[in-house]
Every structure is written in structure tokens, then in C-alpha cells.
Amino acid sequence: MTTRLADIAAQAGVSEATVSRVLNGKPGVAATTRQSVLAALDVLGYERPVRLRQRSAGLVGLITPELENPIFPALAQVIGQALTRQGYTPVLATQTPGGSTEDELTEMLVDRGVAGIIYVSGLHADTTADMQRYEQLRAQGVPFVLVDGFSPKVQAPFISPDDRAAMTLAVTHLASLGHTRIGLALGPKRFVPVQRKIEGFVRTVQDQLGLDAATIETELVQHSLYTLEGGQAAANALMDRDCTAVVCASDMMALGAIRAARQRGLDVPRDISVVGFDDSPLIAFTDPPLTTVRKPVPAMGQAAVRTLLEEIGGTPAPHSEFVFMPELVVRGSTASAPGDRNRP
């Protein structure tokens, strides 16, 4: 026990006497100090005494797409931690091909009496989906927040990255490197984030390179799937149209684009530049390290939780969209355009 007290005290940066007071529930310890001791317990893998365990204020459902794309686990972790800090217990429900649908997962969560639900990249992002399902949920009195997507038909708060600005950042970066044939690889057109990325891409290519919108959409935009294989297929189509740079709508697609280039005997970034989107965990350690547009995951996740808890608390947010600014992270997968090496 003495050894354990010493370990916890060292980790928390307090005295053993203070640790003892916290563990025994004695008064006279500042809230921040108490929190430091509890955090030290967690970090060192010790169980909290029963009296110090936080009672759950209720369950909150989190419905995400598949977890193969590392951006979804990253967002789930931020949301889960923020909920736990507020005393709620997160329940992660994941859609998988051939598995439970969003509607089935929603019904399961509602049956278990969740206090609210956070949807990530759900049917609210699909312009062909029936939005009535969300109004029915509202009628049942279940608060919810929608992340990544927008519909004017749904009376709820939305949390999104600025997809148009993301494309402006990527295209401006590539144009500054001398690229004049820049392609865009992204998912099916029915999704709101896809439509917004196309808008931002077309507008910026028009401004930077002077091409007309019709030419850009027919020659430089390639729809595919949000997978490594989808990025590979889209990049091949764009390279066939003489693109020297490819902007991808996810980091997974960008890895596929790099693979497509290498299968042609091309070097990234000497022969072709590739930009991703998300800045998923570990993407800085690919070969080459990926230039990407960082999705503001911590800010978006925390905002989703804060907004949902306001809804649960009876002070609902207005029907509006909270838009978060992405950030360009330049690494090793972009360089000057081929034939443009002598630019300063």
C-alpha cells in the first residue's frame, strides 16, 4: 500500500498524505488536486475505490460508420472521453456492411433509454435519404446532434468541418507549387460533404488556374469509394487525364492514390503530388509522410458533446450548423510540379 501511495503521489505531483486524504474521501483537498490524484490512479492502472467512482448520469449513444477508417475511432475517442468527463456513459454503435442499419441501431439505443444520440457521417449526410426518421426521433423526445453533414429538413444542431475551405487550402498549396492539372478524388456525389468539397474545389481552381467550371467537373473530378481501393481507382483515372497532383477526400483514398502512382513506376512527390483529408492517426508516418488537410476532430467532438448536453439539459441549440476551420499540414507527399523544378 505504501509503495502504491508513493507511485500515485509521484504521478500526481502531490504528497502521499494528500493521496491518502483523497482515497479516504477526507475533506480539505482542492478539486483540481483531487482530480490529479484520480487521473494518476487511472494512468497507473489502479482501480478507483468504490466511493470515488463517478455515478453515470445516463447513457449516450454514438452511431458511427465502419471503424476501418482511423478518423472515426479518433472522433469516437474524443466524444467518449468528453462524455465520461461529464458523467455520462458512451455506448458505441457501429454500422457495418450487411450489419445493423442506422435505424436499427437507433431503435436499439432508444429501447435502452439513452439520454441522447450523436450521429457521425450518418444518413443526414445523404441527400437521397428520408429525413423523416430524425423528426420521428425528435417526436419521441430523444435529443440528438448530427456530425459531418447537413440537411435543412432536420431541426437539430449540426457539427461540420468547412469542406469548401479545405479544398481551397489544398488547391492553393498545389497551385503555388506550379501544378496546373490538379484532380479531385472523392466519394459518391449524393453526400453533402462531397458536394461541398466539389464547390470549394471548382471555385478555387477557377480562381487560381482560370479553368471553366464545366471543364473542371468533367475532367478533374473523379467519384469513387472512400477506401484505399477507391482512391487507387480514382487516381488512375485522373492520371490518365494528365493530372500531376491529386487531392483526395480522405487519407485512406490518398494512400490508394500513392499506391496507384507507384504501380505506374511514378515517384511521389517527384512525379505526382498527393494531398489527403482528415490527418488520421499515424498518417504522418506513411512513406512519404502525407500532406493532408487536418479535420479539427478534438474541437468538433467536444462541441458535439457540449451541444448534446445542452439539449439534454433543456436548453436546445438553435437549428444551425457549427462549422470548424480545417488546417493544411504540409509533409512529404507534395512537391513542385514536374518540369517546374526551377521555380524559387
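This note goes through the two sheets, a helix pair, the largest pocket and some backbone details of a predicted model.

1. One sheet is open and built of 6 strands in the order E2-E1-E3-E4-E5-E11, with parallel pairing. Its edges are strand E2 (89-94) and strand E11 (321-324), each of which pairs on one side only. From one strand to the next the twist averages 20°.

2. At the E11 edge of that sheet, the neighbour is strand E5 (residues 158-161), and E5 and E11 pair in the parallel sense over 4 bridges. Within this pairing Phe158 stands opposite Glu321 in E11.

3. Another open sheet also has 6 strands, in the order E7-E6-E8-E9-E10-E12, but here the pairing is mixed. Strand E7 (221-223) and strand E12 (327-329) are the edge strands, with pairing on one side only in each case. Ignoring direction, neighbouring strands of this sheet are turned by 20° against each other on average.

4. Two pairings in the mixed sheet involve E10. Strand E9 (residues 273-278) and strand E10 (residues 291-294) run parallel and are joined by 4 bridges. Asp278 stands opposite Arg294 in E10. On the way to the edge, E10 and E12 run antiparallel, joined by 3 bridges. The bridge partner of Thr292 in E12 is Val329. Strands of a sheet pair through backbone hydrogen bonds, in either the parallel or the antiparallel sense.

5. What packs on the mixed sheet? Helix H7 (residues 163-176) does, touching strand E6 (182-186), strand E8 (245-248), E9, E10 and E12. The direction of H7 makes about 160° with that of E9.

6. H7 also meets H8. The axes of these helices come within 7 Å and cross at roughly 35°, and the crossing is right-handed. On the H7 side the contact is made by Asp163, Arg164, Met167, Thr168, Val171, Thr172 and Ala175. The H8 side includes Pro193, Arg196, Phe201, Val205 and Leu209. By type, the residues of this contact divide into 7 nonpolar, 5 polar and 6 charged.

7. The largest pocket has a volume of about 1,000 Å³. It is lined by 37 residues, and those closest to its centre are Pro65, Glu66, Phe72, Ser121 and Tyr226. The elements giving two or more residues to the lining are helix H4 (71-85), helix H8 (192-209), helix H10 (228-240) and E9.

8. Which element gives the largest share of that lining? H8 does, with 3 residues. H8 thus appears in two places in this note: it makes contact with H7 and it lines the largest pocket. E9 likewise gives residues to the pocket lining, and E9 is touched by H7.

9. The lining of the largest pocket is mixed in character. Its residues divide into 17 nonpolar, 9 polar and 11 charged.

10. Two cis peptide bonds deserve a look in the viewer. A cis bond joins Val268 and Pro269, with omega about 15°, and Pro269 lies in the loop between helix H11 (251-263) and E9. The bond from Asp287 to Pro288 is also cis, with omega near -5°. Pro288 is placed in the loop between E9 and E10.

11. The loop between E9 and E10 also holds Asp279. Phi of Asp279 is near 60°, a positive value in a residue other than glycine. As background, most residues other than glycine have a negative phi, and most peptide bonds are trans. The loop between E9 and E10 therefore contains both a residue with positive phi, Asp279, and the proline of a cis bond, Pro288, while the strands on either side of the loop, E9 and E10, run parallel.

Definitions and conventions:
Residues numbered from 1 in each chain as written. Predicted model: local features only at pLDDT ≥ 70, side-chain atom pairs only at ≥ 80, totals over all residues. Heavy atoms only, no water. Pairing = 2+ DSSP bridges. Axes fitted to C-alpha atoms, helices over the stretch in contact; angles between N-to-C directions. Contact = heavy atoms within 4.5 Å. 1 Å grid on protein atoms, 1.4 Å probe; cavity = no way out; pocket = protein on both sides within 12 Å on 5 of 7 lines; lining within 4 Å. Points joined across faces, edges and corners; volume = space filled by probe spheres on them. Nonpolar A, V, L, I, M, F, W, Y, C, P; charged D, E, K, R; others polar. Left-handed = near helix turned anticlockwise from the far one by under 90°.
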